[in-house]
Amino acid sequence: FSLFVEDRWVVNKKLTVEAGLRFDRDGLARQNAIAPRLSFLYLPLRNNATIIRGGIGLFYDRAPMSVGYFGQLPERTVTTFGADGSSIADGPRRFANRVGARLHNPRSVRASLQIDLPITKNLTGRIGYLQRSTIDDFIVDSIEGLGEGALVLSNLGRARYRELQLLAVYDNPITGKWNASYVWSNAQGDLNSVDNFLGDFPAFVVRPNEYGPQPFDARHRFLAYGQLRARYDIDISPLVEIRSGFPFSLAIPCRLFISR
């Protein structure tokens, strides 16, 4: 069950404020969540082309259905073999599935600030910053004892994402519309998230949990694309993307549109 109310207040021609409040009832976690949000839009100059936007809000994630039946999943039995592949170094050790204290819905605080400003008649720039901090995330950790162990599902996970964006848009009736952006981002969090074990491709080995870079962490990303308006209603759209954090590959896509 969800309910959301919002109000937009036009203070004057330069300032607009929006405030919202969301209520969610999660039956799986048996939790009522109230999440306020606040944003603004400000025009500091008379040309109305320079725009400052910002906002902050509290967001709750729903508990996945897999969390509800975690304790009913098949238990694991782990045997560690020696270097020769036949001698047993440890085990067999049985790992029971256990759920920690009462689970809560993961929540995050998201804040952003963005400035759009005209550089020339045809060129517009943008500077933006976004940050998201998450707590009470679902993680799975292993606990080992004498001859047995346990996989424990808990709400002890946390994560943080930060992003700085620089964007330029050039629009000219002759050369077309072009966009170029650079994004610096940083994604940190607990590596034993519940998705790694209850998703479509679950991990076979449960390692001790660590806090570090997320698999999708790409520190640098440059993207440029545009549209060339040619004769006979032909549009050509080239695109170039360069980013870090992933294996290198070279791709040169080009789309051709012909209108009749």
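Me: Buried means under 20% relative accessible area, exposed means over 50%, and partly exposed lies in between. By that standard, why does Leu117 count as partly exposed?

Reply: In this predicted model, Leu117 has a relative accessibility of 32%. That value lies between the limits of 20% and 50%, so Leu117 counts as partly exposed. Leu117 is placed in strand β7.

Me: What makes the nonpolar surface patch, and which residues belong to the patch?

Reply: The patch covers about 560 Å² and consists of Ile115, Leu117, Ile119, Ile127, Tyr129, Leu164 and Leu166. Strands β7 (107-118), β8 (123-144) and β9 (148-172) are the elements that each give two or more residues to the patch. Members need over 30% relative accessible area, and Leu117, at 32%, therefore passes that limit.

Me: How do you know that β1 and β2 pair, and in which sense?

Reply: Two strands pair if at least two bridges are found between them. Strand β1 (residues 2-10) and strand β2 (residues 15-26) share nine bridges in the antiparallel sense, so the criterion is met. Val10 stands opposite Thr16 in β2, and the two strands form a hairpin with four residues between them.

Me: How many bridges join β2 to strand β3?

Reply: Twelve bridges join β2 to strand β3 (residues 31-42), again in the antiparallel sense; with at least two required, the strands therefore pair. Gly20 has Arg37 in β3 as its bridge partner. This hairpin also has four residues between its strands, and Arg30 in the turn has a positive phi of about 55°.

Me: Why is the contact of Glu18 with Arg8 called a salt bridge?

Reply: The closest N and O atoms of Glu18 and Arg8 are 2.8 Å apart. The cut-off is 4 Å, so the pair qualifies as a salt bridge. Glu18 in strand β2 and Arg8 in strand β1 are ten residues apart, and the pair links distant parts of the chain.

Me: Is Arg8 buried or exposed, and what is the basis?

Reply: Arg8 has a relative accessibility of 59%. Exposed requires over 50%, so Arg8 counts as exposed.

Me: What makes Arg62 and Asp24 a salt bridge?

Reply: Their closest N and O atoms are 3.9 Å apart, which is within 4 Å, so the pair is accepted. Arg62 lies in the loop between β4 (51-60) and α1 (65-68), whereas Asp24 lies in strand β2, 38 residues apart.

Me: How are the two partners, Arg62 and Asp24, classified by accessibility?

Reply: Arg62, at 48%, falls between 20% and 50% and therefore counts as partly exposed. Asp24, at 14%, is under 20% and is therefore buried.

Me: What is the N to O distance between Arg219 and Asp217?

Reply: The distance is 3.0 Å, and the side chains meet in a salt bridge. Arg219 is partly exposed because its relative accessibility is 31%, while Asp217 is buried because its relative accessible area is 11%. Elsewhere, salt bridges that share partners join Arg22, Asp24 and Arg62 into one network.

Me: Which residues of the largest nonpolar core touch the most other members?

Reply: Among the 13 residues of this core, they are Phe138, Val140, Leu151 and Leu153. Strands β8 and β9 each supply at least two residues of the core. Leaving aside residues up to four places away in sequence, Val140 touches Phe70, Leu151, Val152, Leu153, Asn192, Val194, Phe197 and Val206.

Me: Why is Val78 called partly exposed?

Reply: Its relative accessible area of 37% lies between 20% and 50%, so Val78 is partly exposed. Val78 lies in strand β5 (residues 76-81). Beyond residues up to four places away in sequence, it touches Asp90, Gly91, Pro92, Arg93 and Phe95.

Me: Which strand pairs with β5, and how many bridges are there?

Reply: Strand β6 (residues 88-99) pairs with β5 in the antiparallel sense over five bridges, and Phe81 stands opposite Ile88 in β6. The hairpin has six residues between its strands. Strand β6 is also joined to β9 by six bridges, in the parallel sense, with Arg94 opposite Glu148 in β9.

Me: What is notable about the phi of Asp136?

Reply: Most residues other than glycine have a negative phi. Asp136 is not a glycine, yet has a positive phi of about 60°. Asp136 is placed in strand β8.

Definitions and conventions. Residues are numbered from 1 along each chain as its sequence is written. This is a predicted model: local features need pLDDT of at least 70, side-chain atom pairs count only at pLDDT 80 or more; totals for chains, interfaces and linings use all residues. Side-chain values use heavy atoms; hydrogens and water are left out. Patches are made of residues with over 30% relative accessible area and no salt bridge: like charges are joined within 9 Å, nonpolar side chains (Val, Leu, Ile, Met, Phe, Trp, Tyr) within 5 Å. Accessible areas come from the Shrake-Rupley method with a 1.4 Å probe; for residues, only the protein chains shown count as cover. Buried means under 20% relative accessible area, exposed over 50%, partly exposed in between (1.4 Å probe, protein chains only). A nonpolar core is a set of buried Ala, Val, Leu, Ile, Met, Phe, Trp, Tyr and Cys residues joined through side-chain atoms within 4.5 Å. Contact means heavy atoms within 4.5 Å.
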